[in-house]
Amino acid sequence: MPLDIFVALIVFAFVSSITPGPNNLMLLASGVNFGFWRTIPHMLGIGIGFFSLLLGVGLGLGALLETLPMLYVLLKFAGGTYMLYLAWKIATSRLIGESKGGKTRPMKFTEAAAFQWVNPKAWVMAVTGVATYASQENYTGSVLLVSVIYSIVNLPSVSSWAGFGTLLRNWLSDSVRLKWFNIVMALLLVVSLWPMLT
C-alpha cells in the first residue's frame, strides 16, 4: 500500500472511529455508570467485533448484501430494535455502578462484538473502508491490512469515550444529574438511528 493511501486510511479510521455513534455513546454512558476498568470488555468487544465485520465485508458479505437487499433491511430492523432496547436500559439506569436489584451491568465482550454486526455505523464504516482502501491487485492481503490498521486505530479512539465518561463520574454521582445524563445519552442513541432510517 502506497504511503499516501496508508496515511489516508489511518486518518479515515481515526475520524470514523472517534466521531459520535452508537458505540461511542454507549461507551461514554458505560464509563460514567461503571468506570473505565469495568468497561474494558465492552471496548475490546467493539474492536474484535469490528475487525471480524471488516473481514466479513471484505471477503464477501458486502456483495451478499447487494445481491439480497432484503437481508440488509432485516439487518437494519434488528439493529434498530436492539439499539432501542439498549437506549431504554441506559435511560432507566439510576445509580452509578448498579441499578435497583443490581441488574444493570456493563456490556459483555461477546455482546459488544455481536453488536457490531447490527450496528449501522459499523456497517457503513466497514463497507466504505474496504471499498476505498482495499487494493484489487492483492485483494485478500489488503483487506487484512485494512482490518488490522482500522483495529489498531479504533481501540484507542473508542476507549477515549469511556475515559471521558469515567472523568464525569464524580460530577454525575448526584442522582438527578445522572438520571438526566442517562436520559440524554439514550435519546442521542435513538437519534443516531436516523441516518440508518433515511
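Which helix does L144 lie in? Let's keep that one in mind for a moment, and I'll come back to it once we have our bearings.

Good morning, everyone. What we have here is a predicted model, so please hear everything I say today as a description of that model. Let me start with the overall picture. The protein has eight helices and zero strands. If you walk along from the N terminus, the elements run α-α-α-α-α-α-α-α. There are 198 residues in the protein, and 44% of them count as buried. Now think about contacts between residues with a separation of 6 or more: 85% of those in the protein come from residues 24 or more positions apart.

Back to my opening question. L144 lies in helix 6, and helix 6 will be with us for much of this talk. Is L144 buried, exposed or partly exposed? Its relative accessible area is 42%, so L144 is partly exposed, as buried would need a value under 20% and exposed one over 50%. Setting aside residues up to four places away in sequence, L144 touches F51 and L55. You can also find G58 from here: 86 residues separate L144 and G58 along the chain, while their C-alpha atoms are separated by 8.4 Å.

Let's stay in helix 6 and move to N154, which has its place there too. N154 has a relative accessibility of 4%, so N154 counts as buried. What does N154 touch, leaving out residues up to four places away in sequence? The answer is S17, I46, G47, F50 and M125.

Now for the helix pairs. Two packed helices are described by the angle between their axes and the distance between the axes. I'll take three pairs, built from helices 1, 5 and 6.

First up, helix 1, residues 3-18, with helix 6. Their axes come within 8 Å and cross at roughly 35°, and the crossing is right-handed. On the helix 1 side, the residues that meet helix 6 include F6, L9, F12 and A13. On the helix 6 side, they include V146, Y150, N154 and W161. Sorted by class, this contact of helix 1 with helix 6 holds 13 nonpolar residues, five polar ones and no charged ones.

Next, helix 5, residues 120-133, with helix 6. Here the axes come within 10 Å, and they cross at roughly 130°. These two helices are therefore oblique to each other. Helix 5 passes helix 6 in a right-handed crossing. From helix 5, M125, G129, V130 and Y133 take part, and they meet Y139, V143, V146, Y150 and N154 of helix 6. That contact has seven nonpolar residues, two polar ones and no charged ones.

And the third pair, helix 1 with helix 5. How are these two oriented? Their axes come within 11 Å and cross at roughly 175°. That makes helix 1 roughly antiparallel to helix 5. I5, A8, L9, F12, S16 and S17 in helix 1 meet K121, M125, T128, G129 and Y133 in helix 5. By class, we get six nonpolar, four polar and one charged.

A quick stop at P22, in helix 2. With a relative accessible area of 3%, P22 is buried. Look across to P120: the two are 98 residues apart along the chain, and their C-alpha atoms are separated by 8.6 Å.

Last topic, the nonpolar cores. In soluble globular proteins, nonpolar side chains tend to be buried together. Which residues have the most contacts inside the largest nonpolar core? That core has 26 residues, and the ones to look for are M26, L27, I90, F181, M185 and L189. Two or more residues each come from helix 2 (22-67), helix 3 (69-91), helix 4 (109-115), helix 6 (139-167) and helix 7 (175-191). Helix 2 gives the most, with eight residues. To see one member in its setting, take I90: apart from residues up to four places away in sequence, I90 touches M26, A29, N182, M185, A186 and L189. Apart from this core lies another one, of 18 residues, and A13, A122, W123 and V143 are among them.

That's my tour. Thanks for listening!

Definitions and conventions. Residues are numbered from 1 along each chain as its sequence is written. This is a predicted model: local features need pLDDT of at least 70, side-chain atom pairs count only at pLDDT 80 or more; totals for chains, interfaces and linings use all residues. Side-chain values use heavy atoms; hydrogens and water are left out. A nonpolar core is a set of buried Ala, Val, Leu, Ile, Met, Phe, Trp, Tyr and Cys residues joined through side-chain atoms within 4.5 Å. Buried means under 20% relative accessible area, exposed over 50%, partly exposed in between (1.4 Å probe, protein chains only). Helices (H or I, at least four residues) and strands (E, at least two) are DSSP runs, numbered from the N terminus. Contact means heavy atoms within 4.5 Å. Axes are lines fitted to C-alpha atoms, for helices over the stretch in contact, and angles run from 0 to 180 degrees between N-to-C directions. Angles under 35 degrees count as roughly parallel, over 145 as roughly antiparallel, 65 to 115 as roughly perpendicular and the rest as oblique. A crossing is left-handed if the near helix is turned anticlockwise from the far one by less than a right angle, and right-handed if clockwise. Ala, Val, Leu, Ile, Met, Phe, Trp, Tyr, Cys and Pro count as nonpolar, Asp, Glu, Lys and Arg as charged, and the others, Gly among them, as polar.
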